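Morning, everyone. Please bring up the model on your screens, and we'll walk through one sheet and then one spot on the surface.

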Amino acid sequence: MTLKNPSLSIRFKKFVSSFLIFALLFGQTVHIPLLQTTQAAESDFPNLVAILVHEDVFSSALKRKIERYAEDVQTHLEASRASIVSIPADATPEKIAALLEKLYYEGDGKGVSRLVGTVLVGDLPLPVVHRGEKTFLSVFPYVDFVDKSFVYDSEKGYYEYTSVPAASDVPEIWHGIIRPHTGNADEDRQKLEAFFDKTREYYSKSGRFEASKFRIQPHVFYFDSYRDQLNARSSEWKSYQLMLEYAEDLAYNRFSKHLANTVYQAYQGYLGSDVPNAAGTEIGDILAAYTGSTLDFRSAPDIQTREPIEKSLKRFFEVLSEKYLGDILRYVHNAGRYGA
């Protein structure tokens, strides 16, 4: 169809062009609130905790208890949201690691979120890692996403340690493992059930954790900086600082000749370059007693390093002598205000 009047056709084209230009500029400069959507409620929970559950466990009678556990985690961790993921029985460690990495970088698709921790429930596989001359199981690939220390080698079928300078041994998220592993599936489920019931009582302050079942004991704050310094030797204080630094290794029983040697070398650095070795010091004597050498602990069998490491790394109350702790208790007792 053609317009008979040329001037009318020109005016019509100008009108359409002007309308389109106006609509484009209007859409870019003027916003109508009613047409926008928001997810403010989701942004209130930016911290995501992924609870990975073996499908055999999640499909059992434990499902409701696990959901209840997730609710407790979400309630008691500030600004957090718990997300349960059922993991198939045939899932490989590299797929689980890829899932957690996706959650770390992209969230779970339910608004703004940031993965801060994961809990593994049931008989989920752990990655096999290789470093130096050792091959062992480690959860590290599940919690390490930035500047990875271990990279999966599809040909070898395990994670290989990388010597890239940017690699970091510090994980990005925390983790927990709930896995009885008794060798009997029925017994494992019973232990899981007992565990989730106990945690429920703890979070709700019911059952064995009712307030009425706990007698509030008196507390005394005792501080004497002068006598504290007199009774705390610098070498013992250094052992306590090393204990704090390697607390995670102690908690997960990561005893090895490498850790023993690291502790020894750290203590050597503390003594100063003018001291040739730690012989004659307490930590040197302890390690030497188990390895036969005060210079090199790299040849010590891993199984023999637990006791010397534990004795070398002191807890806080071990920094002070038993006599001094007894004196403190006597001073408090003699105050006559905290008896029955």
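Start at V129. In β7, the bridge partner of V129 is Y159. Keep in mind that this is a predicted model.

Now the strands behind that pair. β4 covers residues 128–131 and β7 covers residues 158–161. The two pair in the parallel sense, over two bridges.

Next, the other neighbour. Which residue of β5 is the bridge partner of V129? That one is F136. Here β4 and β5 run antiparallel, joined by four bridges. In general, strands of a sheet pair through backbone hydrogen bonds, and the sense can be parallel or antiparallel.

Look at the turn. β4 and β5 make a hairpin, and two residues sit between them. One residue to find in that turn is G132, with a positive phi of about 65 degrees.

Zoom out to the sheet. It is open, with four strands in the order β5-β4-β7-β6. The pairing is mixed. At the edges we have β5, 134–137, and β6, 150–153. Each of these edge strands pairs on one side only. From one strand to the next, the twist averages 30 degrees.

Last stop: the surface. V220, Y222 and Y331 form a nonpolar patch there. Together they have about 240 Å² of accessible area. Take Y222. Where is Y222 found? It lies in the loop between α6, 185–204, and α7, 225–231. Is Y222 buried or exposed? Its relative accessibility is 31%, so Y222 counts as partly exposed. The cut-offs behind that: buried means under 20%, exposed means over 50%, and partly exposed is in between.

That's the tour. Thanks.

How values were computed
Residues numbered from 1 in each chain as written. Predicted model: local features only at pLDDT ≥ 70, side-chain atom pairs only at ≥ 80, totals over all residues. Heavy atoms only, no water. Pairing = 2+ DSSP bridges. Axes fitted to C-alpha atoms, helices over the stretch in contact; angles between N-to-C directions. Patch = residues over 30% accessible without salt bridge, like charges linked within 9 Å, V, L, I, M, F, W, Y side chains within 5 Å. Areas by Shrake-Rupley, 256 points an atom, 1.4 Å probe, with all protein chains shown as cover. Salt bridge = Lys/Arg side-chain N within 4 Å of Asp/Glu carboxyl O. Buried < 20%, exposed > 50% of the residue type's maximum accessible area, 1.4 Å probe, protein only.
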